[in-house]
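Dear colleague,

I am passing on a structure for you to look through, and below it I have set out what was found in it. Please keep it open beside you as you read.

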Amino acid sequence: REGGKTITGKYIYIIYDLGSDAPPVTLSVTSDLHVGGVILKLVEKTQIKRDWSDHALWWDQKQQWLLRTAWSLEKYGIHADARLLYMPQHKPLKLGLPNGMTLRLHACFSSPVFQTVMGICRMLNIRRPEELSLLRPLEEKKKKKDKDSTEEIYDLTEVPLSSVSRPCLYNGMPAHFADSPQMETIYKMLSVTQPPPAPEVIAKQYRPASVVDKAHINGRWLDSSRSLMQQGIQENDRLWLRFKYFSFYDIEPKYDVVRLTQLYEQARWAILLEDIDCTEEEMMLFGALQYHISKVSQSEPQMMSSSAAMDDLESALQSLEVKMEGESSSASEMLVRHIGLTCIVLVKLSYVTVCFRPKRLTLKGYKQYWFKFQDTSISYFKSKEESIGEPIQQINLKGCEVAPDVNMAAQKFLIRLLIPAPEGMNEVYLRCENEQQYAQWMAACRLASKGKSLADSSYQSEIQSIHSFLAMQKTNSSSHGNVPANDESINTHSLVSPRYHKKYKPKQLTPRILDAYQNVAQLSLTDAVTRFLQIWQALPDFGLSYIVVRFKGSRKDEVLGIAPNRLIRIDLGVGDVVKTWRYNNMKQWNVNWDIRQMAIEFEGNVNIAFSCVTADCKIVHEFIGGYIFMSTRSRERSDTLNEELFHKLTGGHEAL
């Protein structure tokens, strides 16, 4: 002791910028000295004049940043002979985007990954950064020929770091991209869809062969509440930026050119690499839309970013609906309108076939009933004659999931309903006889799921929207004048997944893709991209992230599917959905960090517990908390991102 203060010994500091060959700088300090004082002594001793504002101390042994400069060494728990590194907080990172581009840019290595992603998205002009995250890339197949091939990396390390939530735009792009022709070219590549990839490029990519392979991919997401350095990421390492939460909020084409483009690219690769299942008919439509988007993007190089017509369609419809519902009308007029629509329902929305929890790949168990809609519920009877009495069952559709299962060529019109129940979700399939009946029932189910009755003003517009959606999937015997019957320039194997490369020859695929193309040939670039994303989001398995888990009390591994609004228990051997639980029925969820087990309690005294096999339980915890956070976003609330709430819901014990 000297003067009542403990001499804690020598601390070794290495000036990161001088390289590993430079001798370490040693300081002898007392334990009550604060971190800022240590940095001051260090800078004075080196006598190097430069901007040190971005530098901070990194405690290597504890894998911890010392960012609280007012804290003393003793408060941090630093002992004698500690090895501290004085280094920049922002370092170069190689970032792979959904469209295949690789950028080299400065990213924050000291903030939680959530904030780092916000900074990256701010630089790239991507709104709603909470929907994206970083993950460790998969190993790509490498052939001997590829050893000498060098990847093109676009350098953005000179872009100044900004804390502004929305960058200033110049000619429709952030000001830092307008500095030079080279930077403008990079921004154009970010905001313009890429040409269809060559078949050999598709073949080189990793393709999950099973649901277990898909589950392993989700184990590679970085922890949003910890920094890059804490997770072993070093300078110039490679990471992927991807949409993680499939709950897309407030997409406005005039503001979201880069966001829409990258989302389209991620969806396209999910289709091409068979990361999500679709029917053969849907694959041909996806191929036709890719072909059209590629053609239109050559003449219409960027989505219209300033046209009023590009405003968010949903918000426009909502405001129109509010206006219509707000208009004064007498009670008698409302009653007449309601009775008239109810009569239509009783006549037309009848005679559908229904099946409860059907087995996969079979239509056994379908029975025909007489149905009728009332408010947001459907009631069904054995026959029309019995419909005046008590129904066999009445099902309230409010809050249910409605998904299409349609094949126009096979005249298959199914509606898949996931209906909330105390023990989870009941799965019901409605089979319609024709397109007209399907459109009416689908529109009715969608409205009922939102708590709206058939008297709602949007019922007819919903029917029209469904008809236009079905029209895209129809095959036309007569070609449009501007659409060739055959086009030798189409590389069909660039537009469909490898499964169809083996199944069909190009001359067999070309007429089928061109046939589907006739239904989308008149779409603008923005509309075509939007339609592609709509069809992708309508696929039954859309938005599912898989994790292999072991449920408490079970002796075998199973798959947990994590969707934007529910959890799904899937039998690993058969692939059938065993049980479904909705987030809005969830009372609480906890993680036992010692035994790495999650426990979730739902309403109705339903409790589940499981440990994770292919990922850390923190990843599952973050998925659930993240989706609950996404559901809190609304136009009524402030547009400012509630970062504190996100960390409370996803951070677990580390959020403290």
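A good place to begin is Val496, which counts as buried because its relative accessibility is 0%, where buried means under 20% relative accessible area. Please bear in mind throughout that this is a predicted model. Val496 sits in the loop that connects H12 with helix H13 (498-503), and, once its neighbours within four places in sequence are set aside, Val496 is in contact with Ile202, Leu272, Met283, His501, Leu509 and Ile513. The C-alpha atoms of Val496 and Ile271 are 7.9 Å from each other, although 225 residues separate the two along the chain.

A second loop residue to look at is Lys244, which is found between strand S12 (238-243) and H7. Is Lys244 buried or exposed? With a relative accessible area of 1%, Lys244 is buried. Not counting residues up to four places away in sequence, Lys244 touches Glu131, Leu132, Ser133, Trp221, Glu622, Phe623 and Tyr627.

For the wider setting, the protein chain has 656 residues, of which 52% count as buried, and its secondary structure comes to 17 helices and 26 strands. Among the contacts in the protein chain with a separation of 6 or more, 64% are between residues 24 or more positions apart.

Strand S12 also belongs to an open sheet of five strands, which follow the order S8-S12-S6-S7-S9 with mixed pairing. Strand S8 (132-135) and strand S9 (153-155) each have a single partner strand, so they stand at the edges and one side of each is left without a neighbour in the sheet. From one strand to the next, the twist averages 45°. Within this sheet, strand S6 (residues 90-96) pairs with strand S7 (residues 102-108) in the antiparallel sense, over seven bridges, and you can find one of these pairings by locating Leu93, whose bridge partner in S7 is Leu105.

Helix H4 (residues 181-191) lies across S7 and S9, and its direction makes an angle of about 125° with S9. Which residues of H4 are buried? They are Met183, Ile186, Tyr187, Met189, Leu190 and Ser191, and the cover over the buried residues of H4 includes S7, helix H3 (113-124), S9, strand S11 (173-174) and helix H7 (257-272).

Turning to the nonpolar cores, the largest has 123 residues, and those with the most contacts inside it are Leu103, Leu124, Leu156, Trp536, Phe610 and Ile624. If neighbours within four places in sequence are left aside, Trp536 is in contact with Phe246, Phe248, Leu263, Ala267, Ala270, Ile271, Ile276, Phe286 and Phe542. Another core, of 31 residues, lies apart from the largest one, and Leu397, Ile415, Ile419 and Cys445 are among its members.

Finally, a search of the whole structure finds five cavities of 30 Å³ or more, and the largest cavity holds about 90 Å³ of space. Its lining is made by Glu282, Pro404, Val406, Tyr438, Phe469, Leu470, Gln473, Ile535, Ala538, Leu539 and Pro540, with strand S17 (401-407), helix H12 (459-471) and helix H15 (525-538) being the elements that give two or more residues to this lining.

With best wishes

Definitions and conventions
Residues numbered from 1 in each chain as written. Predicted model: local features only at pLDDT ≥ 70, side-chain atom pairs only at ≥ 80, totals over all residues. Heavy atoms only, no water. Pairing = 2+ DSSP bridges. Helix = DSSP H or I, 4+ residues; strand = E, 2+ residues; numbered from the N terminus. Axes fitted to C-alpha atoms, helices over the stretch in contact; angles between N-to-C directions. Contact = heavy atoms within 4.5 Å. Core = buried A, V, L, I, M, F, W, Y, C linked by side-chain atoms within 4.5 Å. Buried < 20%, exposed > 50% of the residue type's maximum accessible area, 1.4 Å probe, protein only. 1 Å grid on protein atoms, 1.4 Å probe; cavity = no way out; pocket = protein on both sides within 12 Å on 5 of 7 lines; lining within 4 Å. Points joined across faces, edges and corners; volume = space filled by probe spheres on them.
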